[in-house]
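This report goes through selected features of one protein chain. Please look at the sequence and the structure before reading on.

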Amino acid sequence: MPTTLQRLLLGKVTTTKYTDSVPVPAANATRARTLKVQPSVSMVQRPVVKSTMGMLTPLPGRATIVLDTVHDTHGSGVAGTPPDFGWILQAAGLLETIVAATSVTYAPTTAAQKAVDAYVYNDGLLNKLIGSVASKLAIEFKIGAPIEIQATLHAGLPAMPTAAAVPGGAVFQAALPIVLSSAITLLVGGVSVKASAMTFDLGIQVGDHYTTGENGYSVADIGPTIKITKDSVGTAADWDA
């Protein structure tokens with residue numbers, strides 16, 4: 001009999017990097033459109049000199065884990081309260097600034113970078129990303145579709161996946177996704193440009209830390225790019241822009 005695919009993503013900014021902050025369903029559940037988790041272990045070869053052909057059995061080396069995830073953007077429904085995917089933005093080197101009962105904004109930061117912990121429950125298996133950071137953060141705008149966040153998280157892997165049922169009690173924000181309408185105006189060089197889609201990629205460069213007492217990553221730099229899919233060319237000025 002086929003199983004029912006049950007999945008849940010929990011995420012939380014960690015206080016101490018590499019120390020599990022233990023995200024919980026009631027406070028840290030995050031809606032995701034797609035989830036793809038890939039744990040991996042490199043193998044250390046042993047090509048020693050011996051009297052027979054072949055080499056000795058390889059040994060397990062560095063263990064890492066990658067999470068690819070896609071989210072529809074939405075507000076929290078309460079002014080001054082972060083959206084449930086806010087922890088992913090912070091993992092990308094963005095500083096979260098909260099003005100109580102007013103707003104939540106995100107901007108690149110160098111001095112106040114955060115790491116996050118993610119629990120990925122996937123039909124009976126639990127993968128943990130402890131002290132992870134984003135190696136990719138892109139926002140895709142497409143007319144007639146929800147604004148989409150695409151993210152990839154990297155972490156060292158302190159333990160292999162474990163058997164765990166999807167926990168109950170998950171609480172999700174009720175605000176609806178933001179669907180991009182044709183009323184949006186895109187200005188390039190001061191000129192209004194017609195476009196059917198646009199992708200903003202933060203262009204994250206990740207620092208790799210595999211040293212004594214550390215197996216992880218950090219956001220080392222960013223190089224934002226914008227890709228525009230034009231719908232039509234109205235004027236010469238539009239094309240030049």
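How many residues lie between β4 and β5 in the hairpin they form, and which residue in the turn has a positive phi?

## The β4-β5 hairpin

The model is predicted. In the hairpin formed by β4 and β5, 3 residues lie between the two strands. Ala101 sits in the turn and has a positive phi of about 60°.

Strand β4 covers residues 94-99 and strand β5 covers residues 103-108. The two strands run antiparallel and are joined by 6 bridges. Within this pairing, Leu95 stands opposite Ala107 in β5.

## Arg62 and its surroundings

Arg62 is placed in strand β3, which spans residues 56-72. Is Arg62 buried or exposed? Arg62 counts as buried because its relative accessibility is 14%, and the cut-off for buried is under 20%.

The side chain of Arg62 forms a salt bridge with the side chain of Asp208, at 2.8 Å from N to O. The pair links distant parts of the chain: Arg62 belongs to strand β3 and Asp208 to strand β13 (residues 204-211), 146 residues apart. Asp208 has a relative accessible area of 48%, so Asp208 is partly exposed. The two side chains also make a polar contact at 2.8 Å. Leaving aside residues up to four places away in sequence, Arg62 touches a set of residues that includes Ser40, Val41 and Ser42 as well as His209, Tyr210 and Tyr217. Asn215 and Gly216 are also among the residues that Arg62 touches.

## Other salt bridges

The count of salt bridges comes to 5. Side chains of opposite charge can pair when their charged atoms come close. One of the pairs is Asp20 with Lys128, whose side chains meet at 3.5 Å, N to O. This pair, too, links distant parts of the chain, with the two positions 108 residues apart in sequence numbering: Asp20 is in the loop between β1 (7-13) and α1 (25-28), and Lys128 is in strand β7 (residues 125-142). Asp20 is partly exposed at 29% relative accessibility, and Lys128 is partly exposed at 32%.

Lys142 forms a salt bridge with Glu140, and their closest N and O atoms are 3.9 Å apart. Lys142 is partly exposed, with a relative accessible area of 40%. Glu140 is also partly exposed, with a relative accessible area of 21%. In addition, Arg33, Asp72 and Glu148 are joined into one network by salt bridges that share partners.

## A nonpolar surface patch

Which residues make the nonpolar surface patch of about 260 Å²? Val41, Met43 and Met160 make this patch.

Val41 is found in strand β2, residues 34-46. Its relative accessible area is 33%, so Val41 is partly exposed. Patches are made of residues with over 30% relative accessible area, and Val41 at 33% meets that cut-off. Val41 is also among the residues touched by Arg62.

## Pro167 in the β9-β10 loop

Pro167 lies in the loop between β9 (162-163) and β10 (186-188). At 25% relative accessibility, Pro167 counts as partly exposed.

Pro167 and Arg7 are 160 residues apart in sequence, while their C-alpha atoms are 9.7 Å apart in space. Not counting residues up to four places away in sequence, Pro167 touches Leu8, Pro25 and Tyr121.

Note on methods:
Residues are numbered from 1 along each chain as its sequence is written. This is a predicted model: local features need pLDDT of at least 70, side-chain atom pairs count only at pLDDT 80 or more; totals for chains, interfaces and linings use all residues. Side-chain values use heavy atoms; hydrogens and water are left out. Patches are made of residues with over 30% relative accessible area and no salt bridge: like charges are joined within 9 Å, nonpolar side chains (Val, Leu, Ile, Met, Phe, Trp, Tyr) within 5 Å. Accessible areas come from the Shrake-Rupley method with a 1.4 Å probe; for residues, only the protein chains shown count as cover. A salt bridge is a side-chain nitrogen of Lys or Arg within 4 Å of a carboxyl oxygen of Asp or Glu. Helices (H or I, at least four residues) and strands (E, at least two) are DSSP runs, numbered from the N terminus. Buried means under 20% relative accessible area, exposed over 50%, partly exposed in between (1.4 Å probe, protein chains only). A polar contact is a pair of N or O atoms within 3.5 Å; within protein, one must be able to donate a hydrogen and the other to accept it, and residues adjacent in sequence count only if both atoms are side-chain atoms. Contact means heavy atoms within 4.5 Å. Two strands pair if DSSP finds at least two bridges between them.
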